[in-house]
Amino acid sequence: MSKRIDDIDSLIGEYVEADPTKFVSYSKYKEAMKNLPREKYLSRIRPFINDEGIIKVLTGVRRCGKSTILEQIREELVSKGIPPKNILHFNLDSKKYHKIVTSDQLEILIDSEIQSSDEKIYLFIDEIQNVQGFEPLVN
């Protein structure tokens, strides 16, 4: 669950105040930043979430928080009543999906996960650039 920015100190523990030579461990910093809502970006994305006419793409340098934003969008959808089964998320960098390298393989994966339903399905594909020729598939 996302935390408010006021909670950042409690997330990463006491540091710097008593001893400016102390450093926060990377794992504590990473966890704190993962839980910090990216409201500036989320507020720009929200108006387009239910627009079925366009594909939404998050771009940015490596390790800037794109995956975290995707997770926060997923959390918002669930909190608004979207069933988790209607939200598919594939991280193509993970070991589970690292062998998905062609658009045909990705299409088979997506089709295998979509349950027959008339309900709207939200599809999140992280690291889609790993799939050769993905463009026609997402169109």
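**Figure 1. Arg63, a residue with positive phi in a loop of the predicted model.** The model is predicted. Arg63 lies in the loop that links α3 (39-45) to α4 (66-79). Its phi is positive, about 65°, although Arg63 is not a glycine. Arg63 counts as exposed because its relative accessible area is 65%, and the cut-off for exposed is over 50%.

**Figure 2. Tyr97 and its ring partner, Phe90.** At 11% relative accessibility, Tyr97 counts as buried. Phe90 is buried too, at 2%. A search of the whole structure for aromatic pairs finds one. In that pair, the ring centres of Phe90 and Tyr97 are 5.3 Å apart and the ring planes stand at 90°, so the arrangement is edge-to-face. The angle qualifies because planes over 60 degrees apart count as edge-to-face.

**Figure 3. The largest nonpolar core.** This core has 12 residues. Phe90 and Tyr97 are among them. The other members are Leu88, Leu92, Ile100, Leu106, Leu109, Ile110, Ile125, Ile128, Val131 and Phe134. Two elements, β1 (87-91) and α5 (103-113), each supply at least two residues of the core. The largest share comes from α5, with three residues. In soluble globular proteins, nonpolar side chains tend to be buried together.

**Figure 4. Helix α4 and the glycine that follows.** How does the length of α4 compare with the span expected at 1.5 Å a residue? The helix has 14 residues and should span 20 Å; its end C-alpha atoms lie 20 Å apart, so the two values agree. Several residues of α4 are buried: Thr68, Ile69, Leu70, Gln72, Ile73, Glu76 and Leu77. Just after the helix, Gly81 takes a positive phi of about 100°.

**Figure 5. The second largest pocket.** This pocket holds about 160 Å³ of space. Its lining includes Arg38 and Tyr41, together with Leu58 and Thr59. Cys64, Gly65, Lys66 and Ile69 also line the pocket. By class, the lining has four nonpolar residues, two polar and two charged. Ile69 also appears among the buried residues of α4.

**Figure 6. The largest cavity.** The structure holds one cavity of 30 Å³ or more. The volume of the largest cavity is about 30 Å³. Which residues line the largest cavity? They are Lys85, Asn86, Gln115, Ser117 and Ile121. Three of the lining residues are polar, one is nonpolar and one is charged.

**Figure 7. Glu127, a buried loop residue with positive phi.** Glu127 sits in the loop between β2 (122-126) and α6 (135-138). Is Glu127 buried or exposed? Its relative accessible area is 17%, so Glu127 counts as buried, the cut-off being under 20%. Phi of Glu127 is near 65°, a positive value in a residue other than glycine.

**Figure 8. The whole chain, for orientation.** The chain has six helices and two strands. Read along the sequence, they follow the pattern α-α-α-α-β-α-β-α. Of the 139 residues in the chain, 26% are buried. The close-ups include members of this buried group, such as Phe90, Tyr97 and Glu127.

Definitions and conventions: Residues are numbered from 1 along each chain as its sequence is written. This is a predicted model: local features need pLDDT of at least 70, side-chain atom pairs count only at pLDDT 80 or more; totals for chains, interfaces and linings use all residues. Side-chain values use heavy atoms; hydrogens and water are left out. Rings of Phe, Tyr and Trp (its six-membered ring) pair if their centres lie within 6.5 Å; planes under 30 degrees apart count as stacked, over 60 as edge-to-face and the rest as tilted. Buried means under 20% relative accessible area, exposed over 50%, partly exposed in between (1.4 Å probe, protein chains only). On a 1 Å grid over the protein atoms alone, a cavity is a set of points where a 1.4 Å probe fits but cannot get out, and a pocket is an open set with protein on both sides within 12 Å along at least five of seven lines; lining residues have an atom within 4 Å of a point. Grid points are joined across faces, edges and corners, and a volume is the space filled by probe spheres set on the points. Ala, Val, Leu, Ile, Met, Phe, Trp, Tyr, Cys and Pro count as nonpolar, Asp, Glu, Lys and Arg as charged, and the others, Gly among them, as polar. Helices (H or I, at least four residues) and strands (E, at least two) are DSSP runs, numbered from the N terminus. The expected span of a helix is 1.5 Å times one less than its number of residues. A nonpolar core is a set of buried Ala, Val, Leu, Ile, Met, Phe, Trp, Tyr and Cys residues joined through side-chain atoms within 4.5 Å.
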